[in-house]
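Please examine the structure shown below. The explanation that follows treats aromatic pairing first, then the packing of two helices, and finally one residue beside them.

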Amino acid sequence: MASITKTNRGTWSFLSYIRRHEKKKSVLTCARNIRSHQQLRFYNSTEKTSANNRQYCLNLIQKYDNENFLCTLLYPKSAREAAIAIRAFNVEIAQVQDVVSDKQRGAMRMVFWRDTIEKIYQGSPPQTPIALELAKVILEHKLTKQWFMRCIDARADRLDNDSFRSVNDLEDYCEHSVSSVMYLILESLGIKDLQADHAASHIGRAHGLVTYLRAIPFNTSRGRVNLPTELLIKYNVSQEDVYRGKKPELVNDIVYDIASVAIQHLRTAQSLKKDVPKSAVSTFLNAVICEKYLMDIQKAEFNVFDSKLQRKNGLLPVQLFLQSMKRSY
């Protein structure tokens with residue numbers, strides 16, 4: 001075997017160094033590839049989970065709040081995801097009164113949602129689809145915690161007292177439970193405008209009153225008559241009369257009074273549209289729903305139990321689309 005000279009030893013040492021370096025580099029590259037693959041898997045897993053959460057929220061509002069679901073689909077893409085999460089949250093708390101077996105259980109659900117919102121703003125949301133989606137959009141759009149809490153408090157108050165003393169009390173409930181949702185959607189659009197907030201307040205109240213009127217037959221069928229006490233006294237109608245279907249003309253008069261307040265709020269909101277930013281108009285598409293119902297109930301002579309009022313409006317998707325193209329409300 002040829003002896004290794006000093007020069008050969010130097011060359012061999014250099015080659016050995018290169019081989020060791022390449023081997024080390026190969027190991028590092030392999031490690032990086034494994035780490036990148038793991039990160040990609042984690043990213044894909046996270047994206048899949050997020051997509052599942054988003055779909056859960058979408059399915060929820062499509063099933064239980066279909067009209068607002070249709071409105072949401074016509075929002076700008078930048079706000080659509082936030083609106084879906086906000087609407088899903090609203091469906092969850094709105095359903096509590098109907099799905100719990102007693103007030104105590106309902107109160108516990110409201111405590112859960114208060115805690116959930118607090119934890120979200122503290123950066124540690126519960127691992128539920130709605131909470132995780134809310135956490136994402138709250139962080140992205142800097143949504144105001146106060147509006148979420150107002151929604152929860154309004155719904156919680158209804159658990160303790162199912163009836164309203166006056167129409168003003170009913171309007172305040174609509175402001176807190178419905179208008180607050182609209183303020184959140186405006187925030188998700190990045191809109192901070194006094195006139196837009198003013199319009200949202202009135203449309204929220206109008207929509208809340210319309211929803212209240214539409215729910216009267218359902219609530220009555222379950223033995224819940226929650227017409228404002230001042231109107232029952234004004235027209236000398238008892239809850240038993242409403243439940244038994246007695247004094248229908250006087251009940252229609254009560255409905256007329258409430259519908260009149262709703263139409264006033266709707267007209268006030270529409271009078272503001274020249275001052276409302278065009279970018280905010282999509283938030284007010286539910287004005288179409290209010291307008292249609294108020295026209296229909298007038299044709300029914302304010303008989304809220306008329307079966308025609310319970311029919312689904314098959315043309316609503318088209319009506320909402322056309323209204324969104326007009327960029328008006």
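**Aromatic pairs and helix packing**

A total of 8 aromatic pairs is found in the structure, which is a predicted model. One of them joins F89 and F148 in an edge-to-face arrangement, with 5.3 Å from centre to centre and 75° between the planes. This pair links distant parts of the chain, since F89 belongs to helix α3 and F148 to helix α6 (residues 145-160), 59 residues apart. F89 and F148 are both buried.

A second pair is formed by Y256 and F302. Their ring centres lie 5.0 Å apart and their planes stand at 90°; the pair is therefore edge-to-face, as an angle over 60 degrees counts as such. Because Y256 is placed in helix α11 (residues 248-271) and F302 in the loop between α12 (286-299) and α13 (316-326), the pair ties together parts that are 46 residues apart in sequence. Are these two residues buried or exposed? Y256 has a relative accessible area of 42% and is thus partly exposed. F302, at 17% relative accessibility, counts as buried, because the limit for this class is under 20%.

Ring pairs also build a cluster, whose members are F89, F112, W113 and F148.

F89 leads on to the packing of its helix. Helix α3 (residues 77-99) packs against helix α5 (residues 129-141) at an angle of about 135°, and the two axes are 9 Å apart. This angle makes α3 oblique to α5, because only angles over 145 degrees count as roughly antiparallel, while those from 65 to 115 count as roughly perpendicular. The crossing in which α3 passes α5 is left-handed.

Which residues of α3 meet α5? On the α3 side they are S78, E81, A82, A85, I86, A88, F89 and E92, and their counterparts in α5 are I130, E133, L134, K136, V137 and H141. By character, the residues of this contact divide into 8 nonpolar, 2 polar and 4 charged. F89 therefore appears both in this contact and in the edge-to-face pair with F148.

R54, a residue of helix α1 (residues 6-64), touches members of both helices. Apart from neighbours within four places in sequence, R54 is in contact with E81, I84, E133 and K136. Of these, E81 is listed on the α3 side of the helix contact, and E133 and K136 on the α5 side. R54 is partly exposed, with a relative accessible area of 27%. R54 and L132 are 78 residues apart in sequence, yet their C-alpha atoms are 9.2 Å apart in space.

Key
Residues are numbered from 1 along each chain as its sequence is written. This is a predicted model: local features need pLDDT of at least 70, side-chain atom pairs count only at pLDDT 80 or more; totals for chains, interfaces and linings use all residues. Side-chain values use heavy atoms; hydrogens and water are left out. Axes are lines fitted to C-alpha atoms, for helices over the stretch in contact, and angles run from 0 to 180 degrees between N-to-C directions. Helices (H or I, at least four residues) and strands (E, at least two) are DSSP runs, numbered from the N terminus. Angles under 35 degrees count as roughly parallel, over 145 as roughly antiparallel, 65 to 115 as roughly perpendicular and the rest as oblique. A crossing is left-handed if the near helix is turned anticlockwise from the far one by less than a right angle, and right-handed if clockwise. Contact means heavy atoms within 4.5 Å. Ala, Val, Leu, Ile, Met, Phe, Trp, Tyr, Cys and Pro count as nonpolar, Asp, Glu, Lys and Arg as charged, and the others, Gly among them, as polar. Rings of Phe, Tyr and Trp (its six-membered ring) pair if their centres lie within 6.5 Å; planes under 30 degrees apart count as stacked, over 60 as edge-to-face and the rest as tilted. Buried means under 20% relative accessible area, exposed over 50%, partly exposed in between (1.4 Å probe, protein chains only).
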